[in-house]
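User: Please take a close look at the salt bridges in this model. I would like the partners, the distances and the burial of each side chain.

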Amino acid sequence: AERILQLIAELELAPGDRMPTENELAGRLGTSRTVVREAVKILSAVGRVRTHKGRGLYVADDEGMLASSRWGGFFLPTDLDHVYMLFEFRGVQETAASRLAATRATPGELRTIEAAAETCRQGHLTGQVELFDQGDDDFHLGIAAASHNQFLVAAVREARLLQRQSNVIGMRGRVGGHAQEAIDEHAAIYQAIRAGDPAQEFEERGTSD
């Protein structure tokens, strides 16, 4: 999957462009068509490739704010430099969203954030990766919504989609070793937002989720 993404970049294919066929990809990459087909399934699942029956493979033309831009096109999920830059980007936007949420969150939005943190905690305690991920997504998107800034909502959502690509392709979907640390930080962030404290340091350590 990573090698196909690199090939897309090398060929300078833009969103909506037709890709080489599975047979052509297999020949270029020196592998079997079966392996290529499995890689395409992964890329389709994370929104980087679209398959059209009878028409072939296409670079995804997702209309998301980042996915349709140069950032979404150049991001390589297993390139550690890219992953670290994405963590930095997430830290900036999610810190800003948390500080705004501390002064703007409604009671209903606070309940949504608290429930998401609890879902994430339960996922960790029971070893359910999907539950952990769902709670984590809902937590950060809930904070973004509570910022009442639609640009931040879109930026947080799209950056997390890129992060999910790294998890699926590069990290094979594992819950990070700092999951408990993430749970503790979620609780601290929620309490600070609930207390209406915009001066609180909100940024998480990055690799935990």
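**Salt bridges and their surroundings**

Analyst: D137 is buried, because its relative accessible area is 15%, under the 20% cut-off. The model is a predicted one. The side chain of D137 meets that of R164 in a salt bridge, at 2.7 Å from N to O. This pair links distant parts of the chain: D137 sits in helix α7 and R164 in helix α8, 27 residues apart. R164 has 27% relative accessibility, so R164 counts as partly exposed. One partner is thus buried, and the other is partly exposed.

Next comes D136. Its salt-bridge partner is R160, with the closest N and O atoms 2.5 Å apart. D136 belongs to helix α7 (residues 129–146) and R160 to helix α8 (residues 150–170), so this pair ties together parts that are 24 residues apart in sequence. D136 counts as buried because its relative accessibility is 3%. R160 is buried too, at a relative accessible area of 8%.

These two pairs belong to a network. Salt bridges link R90, E94, D136, D137, R160 and R164. R90 and E94 fall within helix α5, which covers residues 80–104. That helix has 25 residues and should span 36 Å at 1.5 Å a residue; its end C-alpha atoms are 35 Å apart, which agrees. At the N-terminal end of α5, D79 acts as the cap. A side-chain oxygen of D79 lies 2.9 Å from the backbone nitrogen of D81.

The structure holds 9 salt bridges. One of them joins E118 to R121, with the closest N and O atoms 3.0 Å apart. Both residues lie in helix α6 (residues 107–126); they are 3 residues apart, so about one helical turn separates them. E118 counts as partly exposed because its relative accessibility is 34%. R121, at 32%, is also partly exposed.

Now the nonpolar side. The largest nonpolar core has 18 residues, and I4, I8, M19 and L25 touch the most other members. Elements giving two or more residues to this core are α1 (2–10), α2 (22–29), α3 (33–45) and β2 (56–59). Another core, of 13 residues, lies apart from it; A101, A117, L152 and I193 are among its members. Back in the largest core, M19 deserves a line. Beyond its neighbours within four places in sequence, M19 is in contact with I4, I8, L13, L25, V49, L57, Y58 and V59.

Key: Residues are numbered from 1 along each chain as its sequence is written. This is a predicted model: local features need pLDDT of at least 70, side-chain atom pairs count only at pLDDT 80 or more; totals for chains, interfaces and linings use all residues. Side-chain values use heavy atoms; hydrogens and water are left out. Helices (H or I, at least four residues) and strands (E, at least two) are DSSP runs, numbered from the N terminus. The expected span of a helix is 1.5 Å times one less than its number of residues. A polar contact is a pair of N or O atoms within 3.5 Å; within protein, one must be able to donate a hydrogen and the other to accept it, and residues adjacent in sequence count only if both atoms are side-chain atoms. A nonpolar core is a set of buried Ala, Val, Leu, Ile, Met, Phe, Trp, Tyr and Cys residues joined through side-chain atoms within 4.5 Å. Buried means under 20% relative accessible area, exposed over 50%, partly exposed in between (1.4 Å probe, protein chains only). Contact means heavy atoms within 4.5 Å. A salt bridge is a side-chain nitrogen of Lys or Arg within 4 Å of a carboxyl oxygen of Asp or Glu.
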